[in-house]
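Please open the model in your viewer and keep the sequence panel beside it. The tour goes from the whole chain to one selected element.

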Amino acid sequence: MKLETERLILKPIDESNVEDILKIRSNKTTNQFVKRIPPKTNYDALDFILTIKKRVQNNETFYFGITYKNQQNLLGTICLYRFSEDRTEAEVGYELLPDYHRKGIMSEALSAVLNFGFNELNLQEILAFTNKFNKNSKGLLLKHDFVLQEGRTDEGFPDNLVFSLMKKVN
């Protein structure tokens with residue numbers, strides 16, 4: 001499954017993306033607000049890719065590498081995952097290499113994924129969890145009409161804010 005926007009291609013990741021995934025997921029700026037053990041080697045990145053491929057095959061997640069149309073290198077990733085049991089709700093997650101921040105890339109990718117989630121997967125609500133100190137992420141979510149869910153928390157992550165976007169009914 002591939003999504004296209006004006007400038008970008010959102011495509012499945014595979015073994016050919018090992019170095020890009022290592023670069024993205026081990027980047028200090030990218031990981032500043034994320035609690036995870038960053039990959040240290042190509043083997044770690046490959047293990048992550050194989051795990052994601054299995055989750056995609058099992059319909060547990062939709063995971064896309066983000067590239068410019070004229071390039072192969074991944075700039076970042078975006079995914080829908082943690083689907084509710086009735087598959088009406090999912091969480092969106094994303095990460096972007098710092099060199100590509102503030103260029104509208106993630107906004108363009110997020111628009112495509114929201115459209116896919118609501119119109120192709122028929123989701124009713126998409127959630128996003130972001131650290132309260134992550135100004136870029138909060139700004140991105142607000143720009144796309146996500147609403148801060150006061151009083152809702154991300155279990156185990158007290159610094160995270162919960163945002164929600166409901167499907168618009170025409």
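What percentage of the 170 residues of the protein chain count as buried? In this predicted model, the share that counts as buried is 45%, a residue being called buried when its relative accessible area is under 20%.

Begin with the whole protein chain in cartoon view, where five helices and eight strands can be picked out, and follow them along the sequence in the pattern β-β-α-α-α-β-β-β-α-β-α-β-β. The radius of gyration of the protein chain is 15 Å, close to the 15 Å given by the globule rule for 170 residues, so the chain is as compact as a globular protein of that length. If you then reduce the display to the C-alpha trace, its span along the principal axes is about 40 × 35 × 30 Å.

Next, turn on contacts: of those in the protein chain with a separation of 6 or more, 59% come from residues 24 or more positions apart.

Switch to a surface, of which the protein chain exposes about 9900 Å², with carbon and sulfur atoms supplying 48% of that area. Colouring by charge brings up 24 positive and 23 negative charges, whose mean positions lie 5 Å apart.

Finally, select helix H1, residues 18-25, which is mostly covered, six of its eight residues being buried. Show the side chains of Val-18, Asp-20, Ile-21, Leu-22, Ile-24 and Arg-25, which are the buried residues in H1. To see what covers them, add helix H2 (28-31) and helix H3 (42-57), together with strands S3 (62-68), S4 (76-81) and S5 (89-96), which are included in that cover.

Note on methods: Residues are numbered from 1 along each chain as its sequence is written. This is a predicted model: local features need pLDDT of at least 70, side-chain atom pairs count only at pLDDT 80 or more; totals for chains, interfaces and linings use all residues. Side-chain values use heavy atoms; hydrogens and water are left out. Helices (H or I, at least four residues) and strands (E, at least two) are DSSP runs, numbered from the N terminus. The radius of gyration is taken over C-alpha atoms; the globule rule is 2.2 Å times the number of residues to the power 0.38. Buried means under 20% relative accessible area, exposed over 50%, partly exposed in between (1.4 Å probe, protein chains only). Contact means heavy atoms within 4.5 Å. Accessible areas come from the Shrake-Rupley method with a 1.4 Å probe; for residues, only the protein chains shown count as cover. Lys and Arg count as positive and Asp and Glu as negative; His and the chain ends are not counted. The place of a charge is taken as NZ of Lys, CZ of Arg, CG of Asp or CD of Glu.
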